Amino acid sequence: MIIAVLGNYGVGKTHWIRREIAQLPDKNAVVYLSPKTDKFPLDATILKSEFPDISIQQTASIEKLKDAGQNTTVYLEIPPYLEWKSVEEVLQKLQSKKVVLQYKGEESPWIAAADEVIVFDREFNLDPFDPLEIHRGLLTGEVLDYPSLETFWQELTGGAYGEILRVKGIFNVFTGECIYGEYLYPDFNPDFLSLNFPLCLQGRPTNFSGIEIIGKNLDKQTIADTLSEFCLSDEAIAYYQQQIRDNSQQEEEG
Amino acid sequence: MKIAVLSCIHANLPALEAVLRDIEKNHCDAIYSLGDLVGYGPHPNEVVNKIRELQIPSTQGCWDEDIVEGLNACECSYPSLLAEKRGRMAHEWTNQQITPENREFLAKLPLMLHLDNLCFTHGSPHSNHEYILPEMDAFCALERVLAASADVLFCGHTHIPYVRTLNPGQLSVKLKKGNGVTERQFSSSVKRIINVGSVGEPRHGRPNATYVIYDQDTERVWIREVEYDYEKTCRDIIERGLPSIFAWRLSRGLEFAEKAPDASHVCQR
């Protein structure tokens, strides 16, 4: 079965897919694909950390997807910025089930095509954020100073670098962990979730990390400059990794 | 006698002027400053000039010392890499702006001032970089007041005003020297620590200035919160070439960079 999940920014498409996958008994029989996100696979990385056995596809032909849909559950997460007419054509060819998530009272452009509609119990007006901008910062290979990230997160979501609708980020921090943070206007969420990846205790991490910011009047240069202020040097990374290795060894010996 | 005590002006002239007007309205007999006249804000010379012009007795704050001696803080000064980089940027800017006369004035400020049973200091009697937080262990807090030879210790540095009363008590201290142990008894009368907050760099979630009025006769304390034209300071931060994030943080009553990470931390500077 192929399930296309459509909806606006922040309405909870990835969270909905997450809950669906959690209920499936065989995670090996799950395929996830989000078109045009292969260079910035943020949602795919989050799902892979929770469900290591699912298959993440970067791109696939219609035929291949149809084949996959015979034996597995294929989730297609459709980013809202993709042109709907072309998407609709593809979804018709795939004969997919179309699940539309929308805010209460929202006039969703995908609603006419929906096989199932799920209404998020919250009203939301995107008009104040028009025209929306999307800023993506790739941070793969970088390790961040965590207290600085907390400060930056407070400033970013508080509006210091533009009017923010939605932020998602995956960050490698000096503890060796890979963490995930998200924000949806206007709810400040200071908590980061530790993703289920092995600690990086040697060299620079190779997993995807990056930040996606959706909003208006974004000061992209200052955002980039500020982030670069707390990316750790090779020496600092090696120092912290050595400390963590030493601590682990002491704990094992103790 | 009514005494106004202010601290941590941080080169914010509109905030200082508003506080001085409020002091005048409240008919105070004397004003004391606990330092940090400069740092982060856009008006370092204007603020020092005002303090000099009004002959307000002032102790030396950590920022005043850093501008004279260069940065030499221990880890308690900055809670993060970002804060440290911003602090260094502000230090460099202030260092370039300050006039030789004002630098000399800052260099000569004392670490402590006394008036009767009152002591005025920026951080603690031990260091103008040390935070006496409200959660500090009572024994340590009492030690700080006793070290100041005072009944009331006025301090700043944390940017959040508070009043803490330390009840009278009997202290017993055992000293181990070689194989012997000596025991000493101390008795302490009621002591108070009064943190006067910050005029120019609030940390309480609003941009307003805070300071304290203390009545020596009644021992009453008033923590004053004063509104001022913070937007003027924000405009000057940007126009004078300081990082615009300082303006954003000031307008929300957030500290610029420094913050005490831990009440039990003893400054090693």
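**Exercise 1.** In this predicted model, work out how many residues of chain B are in contact with chain A, and which three of them bury the most area.

*Solution.* Start with a head count: 12 residues of chain B touch 15 residues of chain A. Next, look at the area buried between the two chains, which comes to about 1000 Å², with carbon and sulfur atoms giving 58% of it. Now split up chain B's share: B:L81, B:L82 and B:W248 supply 48% of what chain B buries against chain A, more than any other three residues.

**Exercise 2.** Find the salt bridges and polar contacts between the chains, then say which helices of chain B are involved in the interface.

*Solution.* First, the salt bridges: there are 3 between chain B and chain A. One to pull up on screen joins the side chains of A:E155 and B:R86, at 2.7 Å from N to O. Then count the polar contacts, which gives 7 residue pairs with both partners at pLDDT 80 or more. As for helices, α4 (81-97) and α8 (244-251) of chain B each put in at least two residues, and α4(B) gives the most, with 5. Finally, sort chain B's side by class: 7 nonpolar, 1 polar and 4 charged residues.

**Exercise 3.** Locate the largest cavity and describe its lining.

*Solution.* Searching the whole structure turns up 3 cavities of 30 Å³ or more. The largest has a volume of about 380 Å³. Its lining takes 31 residues, and nearest the centre you'll find A:T14, A:D43, A:E77, A:K168 and A:E212. Zoom out to the elements of chain A that give two or more lining residues: α1 (13-23), α2 (42-50), β3 (55-57), β8 (163-172) and β11 (210-216). By class, the lining splits into 13 nonpolar, 9 polar and 9 charged residues.

Note on methods:
Residues numbered from 1 in each chain as written. Chains lettered and ligands numbered in written order. Predicted model: local features only at pLDDT ≥ 70, side-chain atom pairs only at ≥ 80, totals over all residues. Heavy atoms only, no water. Contact = heavy atoms within 4.5 Å. Buried area = accessible area lost by both parts, 1.4 Å probe. Salt bridge = Lys/Arg side-chain N within 4 Å of Asp/Glu carboxyl O. Polar contact = N/O pair within 3.5 Å; in protein donor to acceptor, adjacent residues only side chain to side chain. Helix = DSSP H or I, 4+ residues; strand = E, 2+ residues; numbered from the N terminus. Nonpolar A, V, L, I, M, F, W, Y, C, P; charged D, E, K, R; others polar. 1 Å grid on protein atoms, 1.4 Å probe; cavity = no way out; pocket = protein on both sides within 12 Å on 5 of 7 lines; lining within 4 Å. Points joined across faces, edges and corners; volume = space filled by probe spheres on them.
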